[in-house]
Amino acid sequence: MKARESAPLDVETIREDFPILQREFDGEQVVYLDNAATTHTPDPVVDAIAHYYRHTNANVHRGLHHLSQEASIAYEDAHDKLAEFVGASGGREEMVFTKNTTESENLVAYAWGLNELGPGDEIVLTEMEHHASLVTWQQIGKKTGADVKYIRVDEDGRLDMDHAKEIITDDTEMVSVLHVSNTLGTVNPVGDLADIAHDHGSLIFVDGAQAVPNQPVDVEAIDADFYAFSGHKMLGPTGIGGLYGKKHLLEEMEPFNYGGMMIEKVTYEESSWHDLPWKFEAGTPVIAQGIALAEAVDYLEDLGMENIQRHEEQLAAYAQDRLTEFDDIEIYGPPVGEERAGLVAFNLDSVHAHDLASILNDFAVATRAGDHCTQPLHDKLGVAASARASFYVYNTREEIDRLIDGIDAARELFA
Ligand code: 7TS
């Protein structure tokens with residue numbers, strides 16, 4: 001499947017790479033609408049993992065044998081590929097492999113935050129932050145004495161940029177914002193936020209967990225200081241994430257974990273650190289996962305990130321259209337016609353989100369119900385939970401129709 005410029009996705013052909021989508025439960029073919037939680041893994045990526053273990057498997061300390069050298073080269077090249085994919089011109093030196101977005105957040109919070117923050121300093125987040133960022137910076141605030149402030153979210157699920165300008169001040173040392181909300185679907189103006197942060201001498205960390213899989217991302221155009229994402233949300237395996245960091249910042253930072261592989265010279269008294277990015281990858285790293293993630297990037301690039309983005313926006317608009325046919329459904333986030341990523345969270349008046357997801361499951365429609373790791377945002381919305389449908393490259397309008405049929409059935413059951 002080769003990329004054509006600006007072409008609709010050939011979903012039928014794409015689906016052939018995902019045998020899991022053929023699974024049936026009680027005679028119904030699965031409709032997988034839980035892609036914001038994790039995406040499925042296409043055959044070429046599964047094959048890359050199997051091929052690595054069958055033919056290359058070795059540790060990557062640049063051992064003096066062929067297998068180790070081959071594994072090392074593939075693993076190092078994977079860093080370059082991921083760096084290029086998110087627009088980092090510094091290559092591998094600016095791309096650290098972590099376990100996931102959560103670990104990327106913790107890496108910066110501990111390695112940078114613990115050393116740089118103190119009483120009187122401020123950390124600015126948004127009210128729509130995922131717990132990965134919210135809890136991490138909240139706790140670093142408690143440890144260091146730095147205050148945490150939140151940029152308000154308005155009624156349509158957008159950031160209040162006037163409020164952002166008010167609360168980002170010369171006391172702000174770190175602004176941590178998500179690029180795309182996993183609950184509201186809002187695409188935040190992270191480039192504008194980076195400008196505001198930098199005008200006040202603050203750094204900006206962007207959580208790209210819901211952006212990198214779904215749209216072209218250019219960390220340098222945004223001017224992000226740090227940018228994080230997860231492999232399992234972009235057709236890659238679990239157990240790997242990425243952290244982009246500007247080279248000079250990563251160089252200045254202390255390591256996050258200590259141990260083997262991340263050192264240059266060790267004596268009984270002192271240690272010095274390896275080059276970037278290995279300084280931040282202590283112990284045996286995520287070798288198979290890294291190589292497979294590079295394969296996932298090839299797959300995404302073949303489809304074309306613009307094409308993927310358009311496909312998802314169309315599915316989200318269709319879902320929103322169909323859901324707004326009913327006046328007992330409340331949809332969260334930007335209204336129809338406004339920019340929105342490929343997910344829709346909602347509630348049906350008469351049915352708790354968990355019951356709804358459970359009935360949808362009876363129809364083999366996989367959605368997520370709960371707080372989506374945004375409890376404070378749900379408190380603000382005045383609900384304990386919401387149902388969420390999230391789309392990816394293999395989803396179709398017909399699958400959204402199955403979602404609507406399932407909602408109809410739930411409504412009837414609870415009437
Ligand atoms: N940031 C955002 C915006 C996310 O959506 C998620 C995961 C994370 C961070 C954490 O990613 P992880 O790979 O470290 O777990 N979000 C979701 C979700 O919406 N449903 O399940 C996981």
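## Exercises around a ligand

In this predicted model, a polar side-chain atom of Asn182 sits 2.8 Å from a ligand oxygen atom.

**Exercise 1.** Find which side-chain atoms make polar contacts with the ligand, taking 3.5 Å as the limit for a pair of N or O atoms.

*Solution.* Start with Asn182: its distance of 2.8 Å to a ligand oxygen is within 3.5 Å, so the pair counts. Next, go to Ser230, where a side-chain N or O atom is 2.7 Å from an oxygen atom of the ligand. Then look at Arg368: an N or O atom of its side chain lies 2.5 Å from a nitrogen atom of the ligand.

**Exercise 2.** Work out how much of the ligand's surface the protein buries.

*Solution.* Begin with the ligand taken alone, which exposes 490 Å². Now add the protein: 91% of that area becomes buried. To see the setting, note that the ligand sits in the largest pocket.

**Exercise 3.** Describe the shell of residues around the ligand.

*Solution.* First, count: there are 17 residues, and Thr102, Asp207, Ser230, Arg368 and Arg388 come nearest. Second, sort them: five are nonpolar, eight polar and four charged. Third, trace their origin: domain 1 (11-42 + 304-413) and domain 2 (46-301) each supply at least three.

**Exercise 4.** Locate two backbone features, a cis peptide bond and a positive phi outside glycine.

*Solution.* Most peptide bonds are trans, and most residues other than glycine have a negative phi. For the cis bond, look between Leu276 and Pro277, where omega is about -5°; Pro277 belongs to the loop between β12 (271-273) and α10 (287-303). For the positive phi, turn to Asp26, with a value near 50°, in the loop between β1 (24-25) and β2 (28-29).

How values were computed:
Residues are numbered from 1 along each chain as its sequence is written. This is a predicted model: local features need pLDDT of at least 70, side-chain atom pairs count only at pLDDT 80 or more; totals for chains, interfaces and linings use all residues. Side-chain values use heavy atoms; hydrogens and water are left out. A residue is near a molecule or strand if one of its heavy atoms lies within 4 Å of it. A polar contact is a pair of N or O atoms within 3.5 Å; within protein, one must be able to donate a hydrogen and the other to accept it, and residues adjacent in sequence count only if both atoms are side-chain atoms. Accessible areas come from the Shrake-Rupley method with a 1.4 Å probe; for residues, only the protein chains shown count as cover. On a 1 Å grid over the protein atoms alone, a cavity is a set of points where a 1.4 Å probe fits but cannot get out, and a pocket is an open set with protein on both sides within 12 Å along at least five of seven lines; lining residues have an atom within 4 Å of a point. A molecule sits in a cavity or pocket if more than half of its atoms lie within 2 Å of its grid points. Ala, Val, Leu, Ile, Met, Phe, Trp, Tyr, Cys and Pro count as nonpolar, Asp, Glu, Lys and Arg as charged, and the others, Gly among them, as polar. Domain bounds come from an automatic or database domain assignment. Helices (H or I, at least four residues) and strands (E, at least two) are DSSP runs, numbered from the N terminus.
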